Amino acid sequence: MSTLKFCRECNNMLYPREDKETRTLLYACQTCEHEEIATDTCVYKRVIRKPGGEPKDVLKDAATDPSLPRTRSVRCYNCNHPEAAFFQVCTQAPTKGEQAMTLYFICCNPSCGHRWRD
């Protein structure tokens, strides 16, 4: 894991820099001339922890969003209403980083708001 590195000479933070001649990663001080070769090639790592399944930002009132397309070709499983709003989300498949598109529906009946995916 990448950690902050500090200069041995002046205690300022070291910043990653590429030595173009030797094609190596260095950490260099912007105040003095101190440089050191990086022992780890990871400069920055961002880990996003998001549970799988239905997106959390799908709200019950999303059916009233005028920007979402609507369809009358599906019926709500909960209340049998003939109209639903829909959208697609690109999700990470469990095998080798493949991505898949998931189609989500939201019932347009204001008293229902049932959500399901295709």
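# Notebook: an all-strand chain

**Entry 1, overall layout.** I started at the N terminus and read the elements off in order: β-β-β-β-β-β-β. I'm working from a predicted model here. My tally for the protein chain is seven strands and zero helices. I then looked up burial, and 25% of the 118 residues count as buried. The accessible surface of the protein chain comes to about 9,300 Å², and carbon and sulfur atoms account for 49% of that. I also checked the contacts between residues at least 6 apart in sequence: 29% of them join residues at least 24 apart.

**Entry 2, the N-terminal strands.** I went to E1 (residues 14–19) and E2 (residues 24–29) next. They pair in the antiparallel sense, and I find six bridges between them. One of the pairings I looked up was Arg-17, which has Leu-26 as its bridge partner in E2. The hairpin of E1 and E2 has four residues between the strands, and there Arg-23 takes a positive phi near 55°.

I followed E2 on to E3 (residues 35–37). These two also run antiparallel, joined by three bridges. Ala-28 has its bridge partner in E3, namely Glu-35. E2 and E3 make a hairpin too, with five residues between them.

**Entry 3, what the record says.** I pulled up UniProt for this part of the chain. An unreviewed entry there lists residues 7–32 as "zinc finger region: C4-type". In the model, that span is 46% strand and 0% helix, and its end C-alpha atoms lie 9 Å apart.

**Entry 4, Tyr-27.** Is Tyr-27 buried or exposed? I located Tyr-27 in strand E2. Its relative accessibility is 4%, so Tyr-27 counts as buried, the cut-off being under 20%. I wanted to know what surrounds this residue, so I listed its contacts, leaving out residues up to four places away in sequence. On the E1 side, Tyr-27 touches residues including Leu-14, Tyr-15 and Pro-16. Its other contacts include Lys-5, His-34, Glu-35, Glu-36, Ala-38, Asp-40, Cys-42 and Val-43. I also took a C-alpha to C-alpha distance: Tyr-27 and Arg-17 are 5.8 Å apart in space and ten residues apart in sequence.

**Entry 5, the cores.** Which residues make up the largest nonpolar core? I got nine: Ala-62, Ala-63, Leu-68, Ala-85, Phe-87, Val-89, Tyr-104, Ile-106 and Cys-108. Strands E5 (84–92) and E6 (99–107) each supply at least two residues of this core. The largest share, three residues, comes from E5. There is a second, separate core of six residues, among them Cys-76, Phe-105, Cys-112 and Trp-116. A general note to self: nonpolar side chains tend to be buried together in soluble globular proteins.

**Entry 6, Thr-102.** I stayed with E6 for one more residue, since Thr-102 is found in that strand. What is the relative accessible area of Thr-102? I have 14%, and because the cut-off for buried is under 20%, Thr-102 is buried. Leaving aside neighbours within four places in sequence, I find Thr-102 in contact with Phe-87, Gln-88, Val-89, Thr-91 and Arg-117. Phe-87 and Val-89 are familiar from Entry 5, where both belong to the largest nonpolar core.

Key. Residues numbered from 1 in each chain as written. Predicted model: local features only at pLDDT ≥ 70, side-chain atom pairs only at ≥ 80, totals over all residues. Heavy atoms only, no water. Core = buried A, V, L, I, M, F, W, Y, C linked by side-chain atoms within 4.5 Å. Buried < 20%, exposed > 50% of the residue type's maximum accessible area, 1.4 Å probe, protein only. Pairing = 2+ DSSP bridges. UniProt positions renumbered as here; feature names shortened; annotations may be inferred. Contact = heavy atoms within 4.5 Å. Areas by Shrake-Rupley, 256 points an atom, 1.4 Å probe, with all protein chains shown as cover.
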